[in-house]
Amino acid sequence: MDRKFAILLSLCLGIVCAFVHWFGTKSVQELNDEGDQAISVSCAQLLEKWPRDNFHLLLTDYQRGNYVVARDEDQDENWELVYVPLFPAHLKSLGNNFNSVIVYFDDVKNEDELDARLDAGDLDAQLWYTQQELPEQIYSDMAQKYRLMDFSRCVVLQGGFRPPNKDIAKYAVLASYLGMIACGIIVVWNVIALLLPKHRPNDFFNDEDDGPISNRAGLPDF
(Lines give C-alpha, C1' and ligand atoms only; values in the text may rest on other atoms or scores of the structure.)
Protein backbone atom coordinates (compact mmCIF):
# COMPACT_ATOMS: atom_id res chain seq x y z
CA MET A 1 0.00 0.00 0.00
CA ASP A 2 1.29 3.49 -0.84
CA ARG A 3 2.59 5.15 2.32
CA LYS A 4 0.93 8.50 1.62
CA PHE A 5 -2.40 6.77 1.15
CA ALA A 6 -1.84 4.82 4.40
CA ILE A 7 -1.16 8.09 6.25
CA LEU A 8 -4.28 9.73 4.84
CA LEU A 9 -6.45 6.70 5.63
CA SER A 10 -5.06 6.51 9.19
CA LEU A 11 -5.75 10.20 9.76
CA CYS A 12 -9.36 9.77 8.60
CA LEU A 13 -9.87 6.73 10.82
CA GLY A 14 -8.27 8.60 13.71
CA ILE A 15 -10.75 11.46 13.30
CA VAL A 16 -13.64 8.97 13.31
CA CYS A 17 -12.26 7.30 16.45
CA ALA A 18 -11.86 10.71 18.11
CA PHE A 19 -15.52 11.53 17.39
CA VAL A 20 -16.66 8.15 18.73
CA HIS A 21 -14.51 8.69 21.83
CA TRP A 22 -16.00 12.14 22.42
CA PHE A 23 -19.57 10.97 21.88
CA GLY A 24 -19.11 7.85 24.03
CA THR A 25 -17.54 9.81 26.87
CA LYS A 26 -20.37 12.33 26.73
CA SER A 27 -22.98 9.54 26.76
CA VAL A 28 -21.39 7.82 29.77
CA GLN A 29 -21.28 11.12 31.64
CA GLU A 30 -24.93 11.85 30.86
CA LEU A 31 -25.98 8.39 31.99
CA ASN A 32 -24.06 8.83 35.23
CA ASP A 33 -25.54 12.27 35.85
CA GLU A 34 -29.16 11.73 34.85
CA GLY A 35 -29.96 8.12 34.08
CA ASP A 36 -30.61 6.86 37.60
CA GLN A 37 -32.17 10.03 39.06
CA ALA A 38 -35.93 10.29 38.58
CA ILE A 39 -37.73 13.60 38.30
CA SER A 40 -41.13 13.92 39.93
CA VAL A 41 -43.96 14.99 37.62
CA SER A 42 -47.71 14.94 38.07
CA CYS A 43 -50.03 13.30 35.59
CA ALA A 44 -51.48 16.69 34.60
CA GLN A 45 -48.01 18.19 34.11
CA LEU A 46 -46.90 15.31 31.91
CA LEU A 47 -49.97 15.64 29.71
CA GLU A 48 -49.31 19.37 29.42
CA LYS A 49 -45.58 19.23 28.65
CA TRP A 50 -42.96 16.51 28.40
CA PRO A 51 -39.69 16.81 30.33
CA ARG A 52 -36.84 17.65 27.99
CA ASP A 53 -33.73 16.01 29.33
CA ASN A 54 -34.85 13.07 31.39
CA PHE A 55 -36.54 9.76 30.69
CA HIS A 56 -36.76 8.41 34.26
CA LEU A 57 -39.96 9.73 35.84
CA LEU A 58 -41.77 9.48 39.14
CA LEU A 59 -45.41 9.96 38.21
CA THR A 60 -47.68 11.45 40.88
CA ASP A 61 -51.26 12.74 41.33
CA TYR A 62 -53.03 10.24 39.10
CA GLN A 63 -56.13 8.09 39.16
CA ARG A 64 -56.66 4.84 37.33
CA GLY A 65 -59.10 4.40 34.49
CA ASN A 66 -61.90 1.88 34.81
CA TYR A 67 -60.67 -0.40 32.04
CA VAL A 68 -57.34 -1.98 31.23
CA VAL A 69 -56.11 -3.97 28.24
CA ALA A 70 -54.22 -7.09 29.31
CA ARG A 71 -52.57 -9.96 27.48
CA ASP A 72 -52.35 -13.54 28.77
CA GLU A 73 -50.75 -15.28 25.82
CA ASP A 74 -50.11 -18.66 27.43
CA GLN A 75 -53.50 -18.79 29.20
CA ASP A 76 -52.01 -19.40 32.64
CA GLU A 77 -54.15 -16.66 34.25
CA ASN A 78 -51.10 -14.42 34.60
CA TRP A 79 -50.68 -11.32 32.49
CA GLU A 80 -47.65 -11.00 30.26
CA LEU A 81 -48.54 -7.41 29.47
CA VAL A 82 -51.12 -4.89 30.63
CA TYR A 83 -51.90 -1.33 29.52
CA VAL A 84 -53.72 1.01 31.90
CA PRO A 85 -54.73 4.65 31.30
CA LEU A 86 -54.09 7.12 34.12
CA PHE A 87 -55.83 10.47 34.50
CA PRO A 88 -55.08 13.54 36.64
CA ALA A 89 -56.20 12.98 40.22
CA HIS A 90 -58.42 16.08 40.29
CA LEU A 91 -60.32 15.13 37.10
CA LYS A 92 -64.04 14.56 37.73
CA SER A 93 -65.28 13.74 34.23
CA LEU A 94 -63.72 12.87 30.90
CA GLY A 95 -65.81 14.75 28.35
CA ASN A 96 -64.93 14.59 24.64
CA ASN A 97 -61.48 14.13 23.08
CA PHE A 98 -59.82 13.50 26.42
CA ASN A 99 -56.30 12.16 26.77
CA SER A 100 -54.41 10.17 29.37
CA VAL A 101 -51.05 8.79 30.42
CA ILE A 102 -51.07 5.18 29.23
CA VAL A 103 -48.70 3.01 31.27
CA TYR A 104 -47.81 -0.54 30.29
CA PHE A 105 -46.37 -3.16 32.62
CA ASP A 106 -44.64 -6.41 31.72
CA ASP A 107 -44.03 -7.44 35.33
CA VAL A 108 -47.58 -7.24 36.73
CA LYS A 109 -49.45 -10.55 36.74
CA ASN A 110 -52.99 -9.64 37.83
CA GLU A 111 -55.36 -7.01 39.18
CA ASP A 112 -54.06 -7.29 42.74
CA GLU A 113 -50.47 -6.65 41.69
CA LEU A 114 -51.58 -3.77 39.48
CA ASP A 115 -53.52 -2.17 42.33
CA ALA A 116 -50.52 -2.56 44.63
CA ARG A 117 -48.26 -0.76 42.16
CA LEU A 118 -50.70 2.07 41.55
CA ASP A 119 -51.82 2.50 45.16
CA ALA A 120 -48.30 3.52 46.19
CA GLY A 121 -49.15 7.07 45.09
CA ASP A 122 -46.08 7.58 42.93
CA LEU A 123 -45.17 5.41 39.99
CA ASP A 124 -41.64 4.73 38.81
CA ALA A 125 -41.71 4.85 35.00
CA GLN A 126 -39.71 5.44 31.84
CA LEU A 127 -40.60 7.76 28.98
CA TRP A 128 -39.39 6.55 25.58
CA TYR A 129 -39.73 9.44 23.13
CA THR A 130 -39.59 7.16 20.09
CA GLN A 131 -42.12 4.61 21.37
CA GLN A 132 -45.33 6.56 21.68
CA GLU A 133 -47.53 4.50 19.38
CA LEU A 134 -49.56 1.65 20.85
CA PRO A 135 -49.37 -1.77 19.20
CA GLU A 136 -52.20 -2.08 16.69
CA GLN A 137 -54.25 -4.68 18.60
CA ILE A 138 -53.76 -2.89 21.93
CA TYR A 139 -54.90 0.35 20.33
CA SER A 140 -57.96 -1.34 18.84
CA ASP A 141 -59.01 -2.90 22.16
CA MET A 142 -58.45 0.29 24.13
CA ALA A 143 -60.27 2.42 21.57
CA GLN A 144 -63.34 0.24 22.07
CA LYS A 145 -63.22 0.84 25.82
CA TYR A 146 -62.44 4.57 25.58
CA ARG A 147 -64.27 5.67 22.46
CA LEU A 148 -63.79 9.42 22.96
CA MET A 149 -60.08 9.30 23.82
CA ASP A 150 -57.73 11.29 21.58
CA PHE A 151 -54.82 8.85 21.40
CA SER A 152 -52.64 11.31 19.46
CA ARG A 153 -52.43 13.44 22.63
CA CYS A 154 -51.74 10.58 25.04
CA VAL A 155 -48.36 9.88 26.62
CA VAL A 156 -47.15 6.28 26.74
CA LEU A 157 -44.91 5.21 29.63
CA GLN A 158 -43.24 1.96 30.58
CA GLY A 159 -43.95 1.04 34.18
CA GLY A 160 -40.85 0.47 36.29
CA PHE A 161 -37.31 1.66 35.68
CA ARG A 162 -34.48 -0.39 34.24
CA PRO A 163 -31.13 1.39 34.29
CA PRO A 164 -29.58 1.66 30.82
CA ASN A 165 -26.67 -0.59 29.94
CA LYS A 166 -23.60 1.60 30.31
CA ASP A 167 -21.17 -1.13 29.26
CA ILE A 168 -21.76 -0.56 25.54
CA ALA A 169 -20.80 3.11 25.80
CA LYS A 170 -17.75 2.24 27.92
CA TYR A 171 -16.59 -0.37 25.42
CA ALA A 172 -17.03 2.15 22.61
CA VAL A 173 -14.87 4.67 24.50
CA LEU A 174 -12.14 2.07 25.08
CA ALA A 175 -12.21 0.79 21.49
CA SER A 176 -12.05 4.31 20.06
CA TYR A 177 -9.13 5.16 22.36
CA LEU A 178 -7.20 2.10 21.19
CA GLY A 179 -8.14 2.96 17.60
CA MET A 180 -6.66 6.46 17.94
CA ILE A 181 -3.42 5.00 19.34
CA ALA A 182 -3.19 2.48 16.48
CA CYS A 183 -3.82 5.19 13.86
CA GLY A 184 -1.18 7.40 15.46
CA ILE A 185 1.40 4.61 15.36
CA ILE A 186 0.66 3.90 11.69
CA VAL A 187 0.98 7.59 10.78
CA VAL A 188 4.29 8.02 12.63
CA TRP A 189 5.68 4.80 11.17
CA ASN A 190 4.89 5.79 7.60
CA VAL A 191 6.10 9.38 8.02
CA ILE A 192 9.45 8.11 9.33
CA ALA A 193 9.65 5.66 6.42
CA LEU A 194 9.07 8.49 3.93
CA LEU A 195 11.74 10.72 5.52
CA LEU A 196 14.46 8.07 5.67
CA PRO A 197 16.84 7.82 2.64
CA LYS A 198 15.94 5.04 0.30
CA HIS A 199 18.40 2.17 -0.31
CA ARG A 200 18.23 -0.49 -2.94
CA PRO A 201 18.25 -3.98 -1.45
CA ASN A 202 21.51 -4.90 -3.27
CA ASP A 203 23.44 -1.71 -2.52
CA PHE A 204 25.84 -3.57 -0.26
CA PHE A 205 26.70 -5.97 -3.07
CA ASN A 206 27.15 -3.38 -5.83
CA ASP A 207 29.59 -0.84 -4.44
CA GLU A 208 30.96 1.14 -7.39
CA ASP A 209 34.18 1.91 -5.47
CA ASP A 210 35.15 -1.75 -5.05
CA GLY A 211 38.22 -2.92 -6.90
CA PRO A 212 38.32 -5.86 -9.26
CA ILE A 213 37.27 -9.14 -7.79
CA SER A 214 40.22 -11.42 -7.11
CA ASN A 215 40.45 -15.19 -7.02
CA ARG A 216 41.64 -17.43 -4.19
CA ALA A 217 45.24 -16.69 -4.90
CA GLY A 218 44.69 -12.98 -4.54
CA LEU A 219 45.35 -12.30 -8.18
CA PRO A 220 42.98 -10.26 -10.23
CA ASP A 221 40.83 -12.02 -12.79
CA PHE A 222 41.28 -10.73 -16.33
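Of the 222 residues in this protein chain, 33% count as buried, and I should say at once that we are looking at a predicted model. The accessible surface of the chain comes to about 15,200 Å², and 56% of that surface belongs to carbon and sulfur atoms.

Let me begin with the overall layout. The chain has 5 helices and 8 strands, and if you read along the sequence they follow the pattern α-β-α-β-β-β-β-β-α-β-α-β-α. When we take the contacts between residues at least 6 apart in sequence, 67% of them join residues that are at least 24 apart.

I would like to turn now to helix H4, which covers residues 136-145. Which residues of H4 are buried? They are Ile138, Asp141 and Met142, and when you look down the axis of the helix these buried residues fall within an arc of 95°, so they line one face of H4. The face that is turned away from this buried side carries Glu136 and Gln144, which are exposed. As for what covers the buried residues of H4, the cover includes strand S4 (69-71), strand S5 (81-88) and strand S6 (101-105).

Staying with this helix for a moment, Ser140 also has its place in H4, and it counts as partly exposed because its relative accessible area is 29%, between the 20% under which a residue is called buried and the 50% over which it is called exposed. Ser140 and Val69 are 71 residues apart in sequence, and from C-alpha to C-alpha they are 9.9 Å apart in space.

The next topic is the charged pairs. How many salt bridges does the count come to? The count comes to 5 salt bridges, and I will go through some of them.

One of them joins Glu111 to Arg64, with the closest N and O atoms 2.9 Å apart. This pair links distant parts of the chain, since Glu111 is in helix H3 (residues 111-118) while Arg64 is in strand S3 (residues 62-64), and the two are 47 residues apart. Both ends can be found from the surface side of the discussion as well: Glu111 counts as partly exposed at 34% relative accessibility, and Arg64 is likewise partly exposed, with a relative accessible area of 26%.

A further salt bridge is the one in which the side chains of Arg117 and Asp107 meet, at 3.3 Å from N to O. Arg117 lies in helix H3, whereas Asp107 lies in the loop between S6 and H3, so this pair ties together parts of the chain that are 10 residues apart in sequence. Arg117 is partly exposed, with a relative accessible area of 25%, and Asp107 counts as partly exposed at 34% relative accessibility.

Then there is the pair of Arg153 and Asp150, whose side chains meet in a salt bridge at 3.9 Å, again given from N to O. Arg153 is partly exposed, and its relative accessible area is 41%. Looking at how these interactions connect, salt bridges that share partners join Arg64, Glu111 and Asp115 into one network.

Let me move on to the backbone. Most residues other than glycine have a negative phi, and with that in mind I would point you to two residues in the loop between S4 and S5, namely Gln75 and Glu77. Phi of Gln75 is near 55°, which is a positive value in a residue other than glycine, and Glu77, which is not a glycine either, has a positive phi of about 65°. Are these residues buried or exposed? Gln75 is exposed, with a relative accessible area of 64%, and Glu77 is exposed as well, with a relative accessible area of 70%.

Finally, I would like to show you a part of the surface that is nonpolar. Leu174, Leu178, Ile181 and Ile185 form a nonpolar patch there, and together they have about 380 Å² of accessible area. Leu174, to take one of these residues, is found in helix H5, which covers residues 167-195. Why does Leu174 count as partly exposed? The reason is its relative accessibility of 47%, which does not go over the 50% that a residue has to pass in order to be called exposed.

Definitions and conventions. Residues are numbered from 1 along each chain as its sequence is written. This is a predicted model: local features need pLDDT of at least 70, side-chain atom pairs count only at pLDDT 80 or more; totals for chains, interfaces and linings use all residues. Side-chain values use heavy atoms; hydrogens and water are left out. Patches are made of residues with over 30% relative accessible area and no salt bridge: like charges are joined within 9 Å, nonpolar side chains (Val, Leu, Ile, Met, Phe, Trp, Tyr) within 5 Å. Accessible areas come from the Shrake-Rupley method with a 1.4 Å probe; for residues, only the protein chains shown count as cover. A salt bridge is a side-chain nitrogen of Lys or Arg within 4 Å of a carboxyl oxygen of Asp or Glu. Helices (H or I, at least four residues) and strands (E, at least two) are DSSP runs, numbered from the N terminus. Buried means under 20% relative accessible area, exposed over 50%, partly exposed in between (1.4 Å probe, protein chains only). The arc is that of the directions from the helix axis to the C-beta atoms. Contact means heavy atoms within 4.5 Å.
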